Amino acid sequence: MPSILLSRRALVAGAAAVALPALALAQSRGVARSPAVVQIFDSSAREQDVSKDFLIGSRAAWQDINARGGLGGRPVEHIELAVDGSPASVRDAWQAARDNPACVVLSGTVSDPVATELAGLLRHEGTAIAHAAPWLQNSAVELDDRTFAIFAGRQEQIAHALKSLTVGGVQEVGAVFASEREAGAYRQDVVRAAAQAGLKLATWTGAGNLGQLGQRFGPSTPALLLFVGGTPELVQFTQGLDRQARQRYVIALADVNLQTVQQFWAVPA
């Protein structure tokens with residue numbers, strides 16, 4: 001089953017460079033030891049796919065930077081701090097980073113809830129440390145001059161995905177939300193974006209087994225479906241769709257791990 005997916009690993013590798021100005025500033029202020037960049041990542045089951053991509057991309061980027069001589073002739077230490085997604089665990093990780101005298105920047109924070117929580121802590125405490133290239137998907141988050149978000153938020157992704165469909169003459173699209181959580185957070189964004197693009201929209205919300213939802217789709221279901229959810233939910237949903245005779249195309253947003261989906265369907269990269 002073909003899927004149109006927005007990948008992020010290459011973007012993450014390049015995004016690590018956003019932290020370099022802060023590292024350079026620390027060098028100019030005479031940091032005694034090699035500077036450190038701290039990456040706080042969500043290891044919970046729900047967010048592990050997006051976190052895996054961020055870690056792989058960031059490790060590759062910092063290894064490449066160090067292979068080229070680091071910063072000012074000194075290597076940059078890449079410190080990874082795992083959290084379980086809870087506010088308490090994010091607070092503990094932030095305190096560990098803040099209390100590390102070598103830490104000069106937070107970079108590549110992931111997942112969206114963790115990045116949102118950390119941005120709030122930085123804003124509340126007023127600590128003078130940069131928060132570069134976090135995985136912030138919530139467009140409503142209030143940011144200050146400490147947080148530098150470079151990735152498109154969920155609202156922008158949805159609008160771009162639906163708008164691009166109109167170029168090909170598509171007039172109708174379906175939206176599938178993995179659960180009530182996604183529906184509550186993003187349904188209005190999808191409805192608004194579809195209206196702005198002049199698309200007729202039908203929506204469904206998963207409740208339990210998404211494979212069963214995919215099997216229930218009939219001939220009147222749009223051929224193009226926007227899926228809002230994570231990788232395991234997408235795979236389960238497409239398993240149900242694959243049992244139907246009619247071919248459909250699924251557009252997934254950036255929370256999906258492209259490599260995992262490709263491996264499941266044995267699609268060449």
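Hi everyone, let me start with a single residue: Glu182 is buried, at a relative accessible area of 9%. One thing to keep in mind throughout is that this is a predicted model.

So who is the partner of Glu182? Glu182 pairs with Arg46 in a salt bridge, and the closest N and O atoms are 2.7 Å apart. What parts of the chain does the pair link? Distant ones: Glu182 belongs to helix α7, while Arg46 is in the loop between β2 (36–42) and α3, and 136 residues separate them. Unlike Glu182, which is buried, Arg46 counts as partly exposed, with 42% relative accessibility.

Both of these residues turn up again at the largest pocket. That pocket holds about 330 Å³ of space. It is lined by 18 residues, and the closest to its centre are Arg46, Glu47, Arg181, Glu182 and Asp255. Which elements give two or more residues to the lining? They are α3 (48–67), α5 (112–125), α7 (180–197) and α9 (231–241). Of these, α7 gives the most, with four residues. For those of you thinking about electrostatics, here is the lining by class: nine charged residues, five nonpolar and four polar.

Now back to the salt bridges. How many does the structure hold? Seven. As a general reminder, side chains of opposite charge can pair when their charged atoms come close.

Let me take you through two others. Glu125 forms a salt bridge with Arg98, and here the closest N and O atoms are 3.0 Å apart. Glu125 sits in helix α5 and Arg98 in helix α4 (residues 87–98), so this pair ties together parts that are 27 residues apart in sequence. Are the two residues buried or exposed? In between, as it happens: Glu125 is partly exposed at 33% relative accessible area, and Arg98 is partly exposed at 35%. This pair also belongs to a network of salt bridges that links Arg98, Asp99 and Glu125.

The other example stays inside one helix. Arg192 and Asp189 meet through their side chains in a salt bridge, at 3.0 Å from N to O. The two residues are three apart in helix α7, so about one helical turn separates them. Their surroundings can be told apart by accessibility: Asp189 is buried, with a relative accessible area of 14%, whereas Arg192 is partly exposed at 38%.

Next, a look at α3, one of the helices that line the pocket. With 20 residues, α3 reaches 28 Å from its first C-alpha to its last, close to the 28 Å expected at 1.5 Å a residue. Which residues of α3 are buried? Among them are Asp49, Asp53, Phe54, Leu55, Trp62 and Ile65, and the list also includes Gly57 and Ser58. Just after the helix, Gly69 takes a positive phi of about 110°.

Last stop: Thr221. Where is it? In the loop between α8 (210–216) and β9 (224–228). Thr221 counts as buried, because its relative accessibility is 7%, under the 20% cut-off. And what does Thr221 touch, once we leave aside its neighbours within four places in sequence? Thr221 is in contact with Trp204, Arg246 and Arg248.

If you want one picture to take away, return to Glu182: buried, bridged to Arg46, and with Arg46 among the residues closest to the centre of the largest pocket. Thanks, everyone!

Notes:
Residues numbered from 1 in each chain as written. Predicted model: local features only at pLDDT ≥ 70, side-chain atom pairs only at ≥ 80, totals over all residues. Heavy atoms only, no water. 1 Å grid on protein atoms, 1.4 Å probe; cavity = no way out; pocket = protein on both sides within 12 Å on 5 of 7 lines; lining within 4 Å. Points joined across faces, edges and corners; volume = space filled by probe spheres on them. Nonpolar A, V, L, I, M, F, W, Y, C, P; charged D, E, K, R; others polar. Salt bridge = Lys/Arg side-chain N within 4 Å of Asp/Glu carboxyl O. Buried < 20%, exposed > 50% of the residue type's maximum accessible area, 1.4 Å probe, protein only. Expected span 1.5 Å × (residues − 1). Contact = heavy atoms within 4.5 Å.
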